[in-house]
Amino acid sequence: QVQLVESGGGLVQPGGSLRLSCVTSRNIFSIYAMSWYRQAPGKQRELVATITSSGSTNYADSVKGRFTISRDNAKNTVYLQMNSLKPEDTAVYSCNAAQVVTTKGAFGSWGQGTQVTVSS
């Protein structure tokens, strides 16, 4: 089991930026894909972005061109840079480590989540 700790959420105005961080308890990036999911009130969990063990990245259509997922192997940290934020990006964002990535996050280990609120 791997422990994940997210940080970086907060309140931001529309058009603003935030960077989320997810620190893992050990170096797992060569084995696991790392993903960010989000869940807004009353909605299902949504896969936002993934970086695979080989370093390939994938994004939900709703965030393409605005969000960037990356990782720092030396710091055991995965990031989600979020630019041009919109009110509809408001959600709890959670980090996931899994060998199999699904759209609903059926597998792997989770962090506690961090709240992102986009509002004027």
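Is Glu46 buried, partly exposed or exposed? Keep that one in mind as we walk through this predicted model; its relative accessibility is 29%, so Glu46 counts as partly exposed. The cut-offs matter here: buried means under 20% relative accessible area and exposed means over 50%, so a value of 29% falls in between.

Now look at what Glu46 is doing. Glu46 makes a salt bridge with Arg38, and the closest N and O atoms sit 2.8 Å apart. The partner has a different label: Arg38 comes out at 7% relative accessibility, so Arg38 counts as buried. As background, side chains of opposite charge can pair when their charged atoms come close.

Next, follow the charges to Asp89 and Arg66. These two form a salt bridge as well, with 2.8 Å between the closest N and O atoms. The pair ties together distant parts of the chain, 23 residues apart: Asp89 lies in the loop between E8 and strand E9 (91-98), while Arg66 lies in the loop between strand E6 (57-59) and E7. What about exposure? Asp89 has a relative accessible area of 1%, so Asp89 is buried. Arg66 has 10% relative accessibility, and therefore counts as buried too. Put the two pairs side by side and there's a bigger picture, since Arg38, Glu46, Arg66 and Asp89 are linked in a network of salt bridges.

Searching the whole structure turns up four salt bridges. One of them joins the side chains of Asp61 and Lys64, at 3.2 Å from N to O. Asp61 has 66% relative accessibility, so this residue counts as exposed.

That leaves the strands, and E8 (residues 77-82) is a good place to settle in. Why is strand E8 described as largely enclosed by the rest of the structure? Because five of its six residues are buried. Strand E8 has pairing partners to inspect. With strand E3 (residues 18-24), E8 pairs in the antiparallel sense over six bridges, and in that pairing you can find Leu18 opposite Met82. With strand E7 (residues 67-72), E8 is again antiparallel, over six bridges; here Thr68 stands opposite Gln81.

E7 and E8 also make a hairpin, with four residues between the strands. If you're checking backbone torsions, stop at Asn76 in that hairpin, where phi is positive, near 50°.

Notes
Residues numbered from 1 in each chain as written. Predicted model: local features only at pLDDT ≥ 70, side-chain atom pairs only at ≥ 80, totals over all residues. Heavy atoms only, no water. Buried < 20%, exposed > 50% of the residue type's maximum accessible area, 1.4 Å probe, protein only. Helix = DSSP H or I, 4+ residues; strand = E, 2+ residues; numbered from the N terminus. Pairing = 2+ DSSP bridges.
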